[in-house]
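Biologist: I am new to this structure and would like a close look at a single part of it. Could you take me through the salt bridges and then through the surface around them?

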Amino acid sequence: MPNPKGHPKSLEAYKLKTDRDEPLTGKLTIRITKSMEDKLQGLGDKKAEFCRGAIKKALDDCDKSEG
């Protein structure tokens with residue numbers, strides 16, 4: 001009986017490739033207000049990158065204020 005998920009080598013073509021300095025391996029789940037959710041939905045496919053940028057900026061600002 002064949003493997004329903006296909007041959008492992010055929011799945012390698014579907015691995016995500018990135019030119020980032022660091023791979024995106026962490027995951028974060030947060031609760032937000034409905035109005036925030038509506039605004040983020042308006043960004044479409046760019047919402048994840050927007051959130052990553054906002055978090056990075058906030059963390060960088062936090063580091064600057066501590067140092």
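Modeller: What follows goes through the salt bridges and then turns to a nonpolar surface patch. This is a predicted model, in which local features need pLDDT of at least 70 and side-chain atom pairs count only at pLDDT 80 or more, while totals for chains, interfaces and linings use all residues. Residues are numbered from 1 along each chain as its sequence is written, and side-chain values use heavy atoms, with hydrogens and water left out.

The structure holds five salt bridges, a term that stands for a side-chain nitrogen of Lys or Arg within 4 Å of a carboxyl oxygen of Asp or Glu. One of them joins the side chains of Glu49 and Arg20, with a distance of 2.7 Å from N to O. Because Glu49 lies in helix α3 and Arg20 in the loop between α1 (8–11) and α2 (34–41), this pair ties together parts that are 29 residues apart in sequence. Helices here are DSSP runs (H or I, at least four residues), numbered from the N terminus. Glu49 is partly exposed at 39% relative accessibility, and Arg20 is likewise partly exposed, at 35%; the word covers what falls between buried (under 20% relative accessible area) and exposed (over 50%), with a 1.4 Å probe and protein chains only.

Glu49 also forms a salt bridge with Arg52, where the closest N and O atoms are 3.0 Å apart. These two residues are three apart in helix α3, so about one helical turn separates them, and Arg52 counts as partly exposed with a relative accessibility of 34%. Through shared partners, the salt bridges join Arg20, Glu49 and Arg52 into one network.

Another salt bridge, between Lys34 and Glu37, has its closest N and O atoms 3.8 Å apart, and both residues lie in helix α2, three residues apart, which is about one turn of the helix. Lys34 counts as exposed at 55% relative accessibility, whereas Glu37 is partly exposed, with a relative accessible area of 34%.

Turning to the nonpolar surface, Leu28, Ile30, Ile32, Met36, Ile55 and Leu59 make a patch of about 590 Å². Such a patch is made of residues with over 30% relative accessible area and no salt bridge, nonpolar side chains (Val, Leu, Ile, Met, Phe, Trp, Tyr) being joined within 5 Å and like charges within 9 Å. Among its members, Ile55 is placed in helix α3 (residues 47–66) and is partly exposed, with a relative accessible area of 42%.

How values were computed:
Areas by Shrake-Rupley, 256 points an atom, 1.4 Å probe, with all protein chains shown as cover.
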